[in-house]
Amino acid sequence: MLSRATMVNGVRRIGRAALNAVLPPRCLKCGAVVDQPGLLCPSCWASVTFLAPPCCAACGYPFEFAMGEGALCGACSRDRPLYDRARAVLRYDEASRDIILGFKHGDRTDGASALGRWMARAGAELLAEAEVIVPVPLHWLRLFTRRYNQAALLALALSRSSGVPVAVDVLRRRRATPPQGRMSATARRRNVEGAFVVKPERRDRIADRRVLLVDDVLTTGATVNACTRALRRGGAAAVDILTVAQVVRPSQ
């Protein structure tokens, strides 16, 4: 006689097959049909650049050669970020942009689970020490219009993949900051200065703990630095950053 678990798994497989027949899974980048939800087709997989060591010990900027333990890129040597370490899955460029924008603005939330698994692999070093995962929050007005916080979906998926607990409501965005896409690094810093605060009733979730802050893209670092400042003021012992993609600048 079949066990209950076997029967449940069998029903799930049948349901998944039926759903795929009606709504076949699509590539996260180009929309081509793929075998399973949350995958890239072979062509898109080959087009994106996955980031991996060796890299800057602080921001994760990729090095061509191993520079030794604790080596920093030029930018971090001149001005160390407020956070401790940052890592990302992909280089943010023309090839990866559609993945991020589709997930962030195109309702491709079906990619959250796969992106969470990718992040768990890319951030294994950070997750090994993390005690709680916290997403970068949206202001309530933007959350109302977008209907979901992409960073929170990533944090939840990452928690399922890693087993590290997640606290989605620790940080609050206390003012609606304008979109930063066309802003300079200086303008970005001014835009988010003082925009984040730890909710007083949630301080116990991060007090004296190593926090892993999650977002979709690391660009200039203005947003994650502002969140890091708020988390440290709220009692966090350390703050690491994990994102899906990172802008890699030659000047680094």
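Begin by selecting Arg-172, Arg-174, Arg-175, Arg-229 and Arg-233, which gather on the surface as a patch of positive charge; keep in mind throughout the tour that the model on your screen is predicted. Within this group, zoom to Arg-175, which you will find in the loop between strand 3 (171–173) and helix 9 (185–192). Arg-175 counts as partly exposed because its relative accessibility is 32%, a value that falls between the limits of under 20% for buried and over 50% for exposed.

Next, turn to the paired charges. Side chains of opposite charge can pair when their charged atoms come close. In this model the count of salt bridges comes to 12, and the following stops visit several of them.

Select Asp-84 together with Arg-232, whose side chains meet in a salt bridge with an N to O distance of 2.7 Å. Asp-84 sits in the loop between helix 3 (74–78) and strand 1 (85–91), while Arg-232 belongs to helix 10 (residues 222–233), so this pair ties together parts that are 148 residues apart in sequence. Are these two partners buried or exposed? Neither label fits, because Asp-84, at 25% relative accessibility, counts as partly exposed, and Arg-232, at 32%, counts as partly exposed as well.

Now move to Arg-85 and show Glu-125 with it, since these two form a salt bridge in which the closest N and O atoms are 3.6 Å apart. Here too the pair links distant parts of the chain, with Arg-85 in strand 1 and Glu-125 in helix 6 (residues 124–127), 40 residues apart. Arg-85 is buried, with a relative accessible area of 11%, whereas Glu-125 counts as partly exposed at 46% relative accessibility.

For the next stop, select Asp-216 and Lys-104, which form a salt bridge with their closest N and O atoms 3.3 Å apart. Because Asp-216 lies in strand 5 (residues 210–218) and Lys-104 in helix 4 (residues 94–105), the pair ties together parts that are 112 residues apart in sequence. Lys-104 counts as partly exposed at 22% relative accessibility, while Asp-216 is buried, with a relative accessible area of 3%. After this pair, select Arg-85, Arg-87, Glu-125, Glu-129, Arg-210 and Asp-240 together, and you will have on screen one network, joined by salt bridges that share partners.

The cysteines come next. How many disulfides does the model contain? The count comes to 0, and Cys-41 shows how this arises: the nearest cysteine sulfur, that of Cys-44, is 3.5 Å away, and Cys-41 is in no disulfide, because a disulfide requires a pair of cysteine sulfur atoms within 2.5 Å. Cys-41 is buried, with a relative accessible area of 10%. If you then select Cys-227, you will find another buried cysteine, with a relative accessible area of 0%.

Finish back on the surface by selecting Trp-140, Leu-141 and Phe-144, which form a nonpolar patch with about 410 Å² of accessible area together. Of these, zoom to Phe-144, which lies in helix 7 (residues 140–146). Phe-144 counts as exposed because its relative accessibility is 67%, a value over the 50% limit.

Conventions. Residues numbered from 1 in each chain as written. Predicted model: local features only at pLDDT ≥ 70, side-chain atom pairs only at ≥ 80, totals over all residues. Heavy atoms only, no water. Patch = residues over 30% accessible without salt bridge, like charges linked within 9 Å, V, L, I, M, F, W, Y side chains within 5 Å. Areas by Shrake-Rupley, 256 points an atom, 1.4 Å probe, with all protein chains shown as cover. Salt bridge = Lys/Arg side-chain N within 4 Å of Asp/Glu carboxyl O. Lys, Arg positive; Asp, Glu negative; His and termini not counted. Charge placed at Lys NZ, Arg CZ, Asp CG, Glu CD. Helix = DSSP H or I, 4+ residues; strand = E, 2+ residues; numbered from the N terminus. Buried < 20%, exposed > 50% of the residue type's maximum accessible area, 1.4 Å probe, protein only.
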